[in-house]
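Subject: Structure handover

Hi,

Here is the structure I promised to pass on. Have a look at it first, and then read on for what turned up in it.

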Amino acid sequence: MKIVVIDGQGGRLGRLLVEQVRMQLPQAKIYALGTNAVATAAMLKAGADFGATGENPVVRGVQDADGVLGPVGVVVANAILGEVTPAMAEAVGSCQAKKFLVPMNSCGVVVAGVEELSLPAYVTGAVDALAAELTEK
């Protein structure tokens, strides 16, 4: 099972996601795809199996993923202070995998109707939803 975690900036969200996925789905192969090297390093340190940085790893990495996790900005061109390229956003948005996205106001996107929660609570919800989806298959 291939799980892709995408993050940028300092990689805090990605680190939390990797840790939760590792706990709930220990058999998963976790691919840490950072929009910068700092984010990739944080996710690898948290226990990801593989890591790569930049546009092409994201574009290629999501093609055969079973699940994708990250901030909502990964499907918005130029989000995360410009770290998400249009090609990245298109690749993530159009990949066949189900996306489990965490609402982050720093991405410049407000998701109406979403309850304001702490980052760890959002991470738990996203990984719980991923685990439920993958165990149904």
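The buried residues of helix α6 pack against four elements: β1 (2-7), α1 (12-24), β4 (67-71) and β5 (98-102). Please keep in mind as you read that this is a predicted model. The buried set in α6 consists of Leu119, Tyr122, Val123, Ala126, Val127, Leu130, Ala131 and Leu134. Looking down the axis of α6, these buried residues fall within an arc of 165°, so they line one face of the helix. Thr135 and Glu136, on the other side of α6, are exposed. The spacing of the buried residues fits a general rule: an α-helix has 3.6 residues a turn, so residues three or four places apart point the same way.

The length of α6 checks out as well. The helix covers residues 119-136, and its 18 residues should span 26 Å at 1.5 Å a residue; the end C-alpha atoms are 26 Å apart, so expectation and model agree.

Helix α1 gives a similar check: with 13 residues, α1 reaches 19 Å from its first C-alpha to its last, close to the 18 Å expected at 1.5 Å a residue. Its buried residues are Leu13, Gly14, Leu16, Leu17, Val18, Gln20 and Val21. Among the elements that cover them are β1, β2 (29-34), α2, β4, β5 and α6.

Then there is helix α5 (residues 86-94), where Met88, Ala89, Ala91 and Val92 are buried. Seen down the axis of α5, they fall within an arc of 165°, so they too line one face of their helix. Glu90 and Ser94 are exposed on the other side of α5. The buried residues of α5 pack against β1, α3, β4 and β5.

Now to the charged side chains. Side chains of opposite charge can pair when their charged atoms come close. How many salt bridges does a search of the whole structure find? The search finds 4, and here are three that you may like to look at.

- Arg15 and Glu19: the closest N and O atoms of this salt bridge are 3.7 Å apart. Both residues lie in helix α1, 4 residues apart, which is about one turn of the helix. Arg15 has a relative accessible area of 30% and is partly exposed; Glu19 is partly exposed too, at 32% relative accessibility.

- Arg22 and Asp49: their side chains meet in a salt bridge at 2.8 Å, N to O. This pair links distant parts of the chain, with Arg22 in helix α1 and Asp49 in the loop between α2 (37-45) and β3 (50-53), 27 residues apart. Arg22 is partly exposed, with a relative accessible area of 23%, and Asp49 counts as partly exposed at 33%.

- Glu133 and Lys98: the salt bridge between these side chains has an N to O distance of 3.2 Å. Glu133 lies in helix α6 and Lys98 in strand β5, so the pair ties together parts that are 35 residues apart in sequence. Glu133 has a relative accessible area of 21%, which makes it partly exposed, and Lys98 is partly exposed at 43%.

What about the rings? The structure holds 1 aromatic pair. There is also a charge over a ring: Lys2 lies over the face of Tyr31, at 4.5 Å from the ring centre.

Finally, two single residues to look up in the viewer. Pro57 lies in helix α3 (residues 55-61). Pro57 is partly exposed, with a relative accessible area of 22%. Which residues is Pro57 in contact with, leaving aside its neighbours within four places in sequence? They are Leu33 and Ala52. From Pro57 to Gly8 is 49 residues in sequence, while their C-alpha atoms are 13 Å apart in space.

The other residue is Gly82, found in helix α4 (residues 79-82). At 42% relative accessibility, Gly82 counts as partly exposed. Gly82 and Thr35 are 47 residues apart along the chain, and their C-alpha atoms are separated by 9.7 Å.

Best wishes

Notes:
Residues numbered from 1 in each chain as written. Predicted model: local features only at pLDDT ≥ 70, side-chain atom pairs only at ≥ 80, totals over all residues. Heavy atoms only, no water. Phe/Tyr/Trp six-rings, centres within 6.5 Å; stacked < 30°, edge-to-face > 60°. Lys NZ or Arg CZ within 6 Å of the ring centre and 35° of its normal. Helix = DSSP H or I, 4+ residues; strand = E, 2+ residues; numbered from the N terminus. Buried < 20%, exposed > 50% of the residue type's maximum accessible area, 1.4 Å probe, protein only. Contact = heavy atoms within 4.5 Å. Expected span 1.5 Å × (residues − 1). Arc of directions from axis to C-beta.
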